[in-house]
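Here is a friendly walk through the structure shown below, starting with its open spaces and moving on to its strands and helices.

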Amino acid sequence: MAYKQANEFMRIRQYVIDLIATGEAQPQRIPSSRKLAEKFGVTHTTVQRVIRELVEEGYLVHCKNGGALTCPQKIHLSNMKIIGVIMGDGKNAFETYYHHRVTCELFQYLTHQSARICTQNLFLNTSGELPNSVEHNHLSSLIAIGVAGNSLQEQIRQLKDRGFPVVSFINRIENTSSYHFNYFDICKQVLAQMLQEGRRRIIVAADASIFGLENIAEAVAEFRRESQVADLQIMVLTGTMEESRNSIKTLLDFGSTLDAVIAFRQFPDVYNLVKEHLDLEKQCRMVTVEYSVHADMNYSGYLITYDFNAVIKPMVADLLGQIKGDSQPMADQTIPTSLQLFSHGSYKTEISLTSRP
């Protein structure tokens with residue numbers, strides 16, 4: 001109950017502060033307590049508490065005839081551009097290495113463009129809340145990072161169709177400027193590298209939550225047809241990482257020999273399991289995405305690494321151009337990828353992977 005009340009409090013507080021930040025330099029009257037309570041579905045008492053604290057902090061002043069006026073000078077800058085950010089399904093309870101690896105350089109470069117640019121994370125109970133969240137937070141645009149759910153992607157497309165500035169990062173969204181991974185090409189090129197090293201018994205573990213899972217399955221099927229290697233055995237595991245680990249454990253317990261395990265999701269448990277049974281320097285090659293490996297793993301194998309810097313500048317220019325109303329083509333740009341080989345946590349060499357646009 002206390003968490004719910006705190007969340008309601010912060011939503012109204014954010015709304016009022018955003019109203020000040022995105023408005024003109026002149027004071028403006030905020031909606032009445034009754035209207036705010038109706039707008040956010042909260043009690044009048046909660047609204048009154050928010051207004052009281054904002055008055056004490058200098059963001060609002062009471063009017064003699066009732067209501068409250070904003071104090072723009074408290075923000076120091078007017079006409080702020082608040083760029084909304086939605087990660088995944090908008091329900092992340094905490095942030096991991098993956099989140100920081102993907103966003104840090106982007107946010108630094110974006111907010112460096114102007115003192116009037118800031119970002120705000122969005123949290124959603126359902127995908128249908130996105131339009132209201134955009135309106136309530138006075139957003140100027142939206143960055144969708146790793147958004148995978150079809151219903152949420154549809155909400156984003158509808159915003160774009162109405163002329164709202166949007167870019168998608170990591171995953172591709174139809175009819176929206178996208179700077180994304182190309183799982184199809186990455187999977188085929190990694191398999192080609194394994195084949196070149198003489199590896200024939202390969203497991204591809206692709207978590208069911210990956211958006212583009214079908215691309216990985218299609219890539220494996222096409223690679224099988226094109227390679228025409230009689231003794232090539234590729235098993236695709238599409239359950240959760242726990243299910244994949246159990247499947248791999250069963251194979252290892254029965255004495256099966258694996259030449260390579262390719263995992264497109266976080267996989268410390270899978271890595272430790274294979275490491276217990278096989279020599280990762282001589283027998284089995286591990287391959288995974290860079291944000292799945294941490295320093296304490298003492299990792300041996302290939303990392304699929306991404307050159308985010310190659311797309312950050314054009315993506316930011318694209319978004320700011322949309323905010324200005326510039327006419328520009330919709331982007332569909334692949335994030336450049338490479339393979340880096342590590343031995344016991346130490347970097348050894350790099351192989352460039354080229355992807356189709």
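## The largest pocket

Let's begin with the largest pocket, which holds about 800 Å³ of space. Its lining is made of 24 residues, and those closest to the centre of the pocket are N7, R11, F123, L124 and S133. Please keep in mind that this is a predicted model.

Which elements give two or more residues to this lining? They are α1 (2-22), α2 (33-40), β4 (117-121) and α5 (130-136). The most generous of them is α1, with six residues. Sorted by class, the lining of the largest pocket has 12 polar, eight nonpolar and four charged residues.

## The chain as a whole

Stepping back, the protein chain contains 11 helices and 15 strands. Its C-alpha trace spans about 85 × 45 × 35 Å along the principal axes. Of the 357 residues in the chain, 49% are buried.

For a sense of distance, take E129, which sits in the loop between β4 and α5. E129 and Y271 are 142 residues apart along the chain, and their C-alpha atoms are separated by 38 Å. Is E129 buried, partly exposed or exposed? Its relative accessibility is 26%, so E129 counts as partly exposed; the buried class ends at 20% and the exposed class begins over 50%.

## A closed cavity beside β3

How many cavities of 30 Å³ or more does a search of the whole structure find? The search finds one, and the largest cavity holds about 90 Å³ of space. Its lining consists of V85, I86, M87, G90, K91, N92, E95, N121, L122 and F123. F123 is thus found here and also among the residues closest to the centre of the largest pocket.

Strand β3 gives the most to the lining of the largest cavity, with three residues. By class, this lining divides into five nonpolar, three polar and two charged residues.

## Strand β3 and its partners

Strand β3 covers residues 81-87. Six of its seven residues are buried, so β3 is largely enclosed by the rest of the structure.

β3 runs parallel to β4, and five bridges join the two. In that pairing, G84 stands opposite Q120 of β4. The strands β3 and β4, together with helix α4 (residues 97-112), make a right-handed β-α-β unit. β3 also pairs with β5, again in the parallel sense and over five bridges. There, L142 in β5 is the bridge partner of G84, while I86 stands opposite A144.

## Strand β5, covered on both faces

Why is β5 described as largely enclosed? All five of the five residues in this strand (residues 141-145) are buried, so the rest of the structure largely encloses it. In a regular strand, side chains alternate between the two faces of the sheet. In β5 both faces are covered: S141, I143 and I145 are buried on one side, and L142 and A144 are buried on the other.

Besides β3, β5 has a parallel neighbour in β6 (residues 166-170), joined to it by four bridges. The bridge partner of L142 in β6 is V166. Between these two strands the chain crosses through helix α6 (residues 150-161), in a right-handed β-α-β crossover.

## Helices α7 and α11

Helix α7 (residues 183-196) has 14 residues and reaches 20 Å from its first C-alpha to its last, close to the 20 Å expected at 1.5 Å a residue. This helix is mostly covered, with 11 of its 14 residues buried. Among the buried residues are Y183, F184, D185, I186, V190, L191 and M194. Just after α7 comes G198, with a positive phi of about 85 degrees.

Helix α11 (residues 309-324) has 16 residues, which should span 22 Å at 1.5 Å a residue; its end C-alpha atoms are 23 Å apart, which agrees. The buried residues of α11 are V311, I312, M315, V316, D318, L319, G321 and Q322. An α-helix has 3.6 residues a turn, so residues three or four places apart point the same way. After α11 comes G325, whose phi is positive, near 90 degrees.

How values were computed:
Residues are numbered from 1 along each chain as its sequence is written. This is a predicted model: local features need pLDDT of at least 70, side-chain atom pairs count only at pLDDT 80 or more; totals for chains, interfaces and linings use all residues. Side-chain values use heavy atoms; hydrogens and water are left out. Buried means under 20% relative accessible area, exposed over 50%, partly exposed in between (1.4 Å probe, protein chains only). Two strands pair if DSSP finds at least two bridges between them. A crossover is right-handed if, with the strands pointing away from the viewer, the path from the first strand over the helix to the second runs clockwise. The expected span of a helix is 1.5 Å times one less than its number of residues. On a 1 Å grid over the protein atoms alone, a cavity is a set of points where a 1.4 Å probe fits but cannot get out, and a pocket is an open set with protein on both sides within 12 Å along at least five of seven lines; lining residues have an atom within 4 Å of a point. Grid points are joined across faces, edges and corners, and a volume is the space filled by probe spheres set on the points. Ala, Val, Leu, Ile, Met, Phe, Trp, Tyr, Cys and Pro count as nonpolar, Asp, Glu, Lys and Arg as charged, and the others, Gly among them, as polar.
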